[in-house]
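User: Hey, got a minute to walk me through this one? Put it up and we'll go from there.
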Amino acid sequence: MIPGTYDHVIYEIQGDLSDLAQVKDNELLDKKVVKRTVEATLDLHADMSISDELGIYLKEILSLDDSKIRNIMGVFNDYSTKTEVG
């Protein structure tokens, strides 16, 4: 990104959720746009865990590949085991 001399230069970046998470914030970057390939709804059930729901969301809505899903799920599981309520 190159700074412009006027305020009309806007930079945005588009990609999947895991790629955008790796992009460092920059004063020139206006927004990050998550690219989706499908417009769908999730078929969730009451007996599903949050982890199950997240896995379905990452696969069916964001269409991430298996390696990215494993990476995100690993981070989620690491943080969810450390979380305490009340």
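User: How much surface does the chain expose, and what share do carbon and sulfur atoms supply?
Analyst: Keep in mind this is a predicted model. The chain exposes about 7,100 Å², and 51% of that is supplied by carbon and sulfur atoms.
User: And what percentage of the residues count as buried?
Analyst: 17% of the 86 residues.
User: OK, fold next. Which elements are there, and in what order?
Analyst: You get 3 helices and 2 strands. Starting at the N terminus, they go β-α-β-α-α.
User: What fraction of the contacts with a separation of 6 or more is between residues 24 or more positions apart?
Analyst: That comes to 28%.
User: Let's zoom in on α3. How far does it reach from first C-alpha to last?
Analyst: Helix α3 covers residues 66-82, 17 residues in total, and spans 24 Å. That's close to the 24 Å expected at 1.5 Å a residue.
User: Which of its residues are buried?
Analyst: In α3, those are Ile69, Ile72 and Met73. Looking down the axis of α3, the buried residues fall within an arc of 100°, so they line one face of the helix.
User: What's exposed on the other side?
Analyst: There α3 has Arg70, Tyr79, Thr81 and Lys82 exposed.
User: Switching topic: where does serine 63 sit?
Analyst: In the loop that runs between α2 (50-61) and α3.
User: Why do you call serine 63 partly exposed?
Analyst: Because its relative accessible area is 36%, and partly exposed covers what lies between under 20% and over 50%.
User: How far is serine 63 from aspartate 16 in space?
Analyst: 8.6 Å, C-alpha to C-alpha, with their positions 47 residues apart in sequence.

How values were computed
Residues numbered from 1 in each chain as written. Predicted model: local features only at pLDDT ≥ 70, side-chain atom pairs only at ≥ 80, totals over all residues. Heavy atoms only, no water. Helix = DSSP H or I, 4+ residues; strand = E, 2+ residues; numbered from the N terminus. Buried < 20%, exposed > 50% of the residue type's maximum accessible area, 1.4 Å probe, protein only. Contact = heavy atoms within 4.5 Å. Areas by Shrake-Rupley, 256 points an atom, 1.4 Å probe, with all protein chains shown as cover. Expected span 1.5 Å × (residues − 1). Arc of directions from axis to C-beta.
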